[in-house]
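Welcome to this tour! Open your viewer, get ready to select residues by number, and follow along one stop at a time.

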Amino acid sequence: MKKPATTVETIATTCIAGRIRVLNRVITNLYDNALRPFGMKLSQGNVLAVTAKLGVARPAQVCEILKLDTSTLSRTVDRMVDNGWLEVVPDDDGRSHPFRLTDQGRQLMERIIPAWEKAQVEAARLLGEDTLRMLDAAILRINMLDEH
């Protein structure tokens with residue numbers, strides 16, 4: 001049975017997830033283009049930055065911060081280890097595989113900052129101040145709901 005055109009049109013034009021995914025692709029491409037000269041993508045840059053902040057990063061901790069599933073993080077970390085940006089740290093329990101930046105990873109983090117800053121300015125320009133305020137409010141709301 002074919003759905004009425006109005007329902008299909010409504011889904012095609014107002015689906016919240018679909019509209020967020022469009023925004024995600026546009027903004028992610030902007031950052032990916034800025035980071036491409038360094039041989040990395042935004043997803044790797046986020047892991048690099050969180051790892052730099054934590055010092056020694058535990059996978060569960062990074063997954064929680066970045067809202068990633070463990071298999072996605074594992075694939076990203078494996079590529080970053082292969083690139084020489086991260087190293088796995090021996091762990092007492094043997095189940096967790098914490099990691100940290102290598103010297104090469106620290107140097108890369110410093111080198112990408114100007115490109116990231118330029119992408120950040122462009123993303124802010126594209127979205128506008130009102131949208132950024134709404135984004136901050138949405139993230140705050142989601143984080144508060146996650147805590148309960």
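One idea will come up at nearly every stop: a residue counts as buried under 20% relative accessible area, as exposed over 50%, and as partly exposed in between, using a 1.4 Å probe and protein chains only. What you have open is a predicted model, where local features need pLDDT of at least 70, side-chain atom pairs count only at pLDDT 80 or more, and totals for chains, interfaces and linings use all residues. Residues are numbered from 1 along each chain as its sequence is written, and side-chain values use heavy atoms, with hydrogens and water left out.

**Stop 1: helix α2**

Select residues 16-35, which are helix α2. Helices (H or I, at least four residues) and strands (E, at least two) are DSSP runs, numbered from the N terminus. Helix α2 has 20 residues and reaches 28 Å from its first C-alpha to its last. That is close to the expected 28 Å; the expected span is 1.5 Å times one less than the number of residues.

Which residues of α2 are buried? Show Ile-27, Leu-30, Tyr-31, Asp-32, Ala-34 and Leu-35. These buried residues pack against α3 and α6 (103-127), where contact means heavy atoms within 4.5 Å.

Now add Ala-124, which is in helix α6. Ala-124 is partly exposed, at 29% relative accessibility. Draw a distance from its C-alpha to that of Ile-27: the two residues are 97 apart along the chain, and their C-alpha atoms are separated by 9.6 Å.

**Stop 2: a nonpolar patch**

Stay with α2 and select Val-22, which sits in that helix. Val-22 is partly exposed, with a relative accessible area of 45%. Add Val-26 and Leu-126, and you have a nonpolar surface patch of about 250 Å². Patches are made of residues with over 30% relative accessible area and no salt bridge; like charges are joined within 9 Å, and nonpolar side chains (Val, Leu, Ile, Met, Phe, Trp, Tyr) within 5 Å. Accessible areas come from the Shrake-Rupley method with a 1.4 Å probe, and for residues only the protein chains shown count as cover.

**Stop 3: helix α3**

Next, select residues 42-54, helix α3. Its 13 residues should span 18 Å at 1.5 Å a residue, and the end C-alpha atoms are indeed 18 Å apart. The buried residues here are Leu-42, Gln-44, Gly-45, Val-47, Leu-48, Val-50 and Thr-51. What do they pack against? Their partners are α2, α4, α5, β1, β2 and α6.

Following α3 you meet Gly-55, whose phi is positive, near 85°. For another positive phi, select Lys-67: its value is near 55°, in a residue other than glycine. Lys-67 is in the loop between α4 and α5 (70-82) and is partly exposed at 44% relative accessibility.

**Stop 4: salt bridges**

How many salt bridges does a search of the whole structure find? There are seven, a salt bridge being a side-chain nitrogen of Lys or Arg within 4 Å of a carboxyl oxygen of Asp or Glu. Let's visit some of them.

Select Arg-58 and Asp-91, whose closest N and O atoms are 3.2 Å apart in a salt bridge. Arg-58 lies in the loop between α3 and α4 (59-66) and Asp-91 in the loop between β1 (86-88) and β2 (99-101), so this pair ties together parts that are 33 residues apart in sequence. Arg-58 is partly exposed at 38%, and Asp-91 is partly exposed at 22%.

Then show Glu-87 and Arg-100, which meet in a salt bridge of 2.7 Å, N to O. Because Glu-87 lies in strand β1 and Arg-100 in strand β2, the pair ties together parts 13 residues apart in sequence. Glu-87 is partly exposed at 31%, and Arg-100 is partly exposed at 34%.

Finally, go to helix α7 (residues 129-147) and select Glu-129 and Arg-133, four residues apart and separated by about one helical turn. Their salt bridge has its closest N and O atoms 3.8 Å apart. Add Asp-130 to see the network: salt bridges that share partners join Glu-129, Asp-130 and Arg-133. Glu-129 is exposed, at 61% relative accessible area.

**Last stop: cysteines**

A disulfide is a covalent bond between the sulfur atoms of two cysteines. Here the search looks for a pair of cysteine sulfur atoms within 2.5 Å, and it finds zero disulfides in the whole structure. Select Cys-15 and Cys-63 to finish: is each one buried or partly exposed? Cys-15 is partly exposed at 34% relative accessibility, whereas Cys-63 is buried at 9%.
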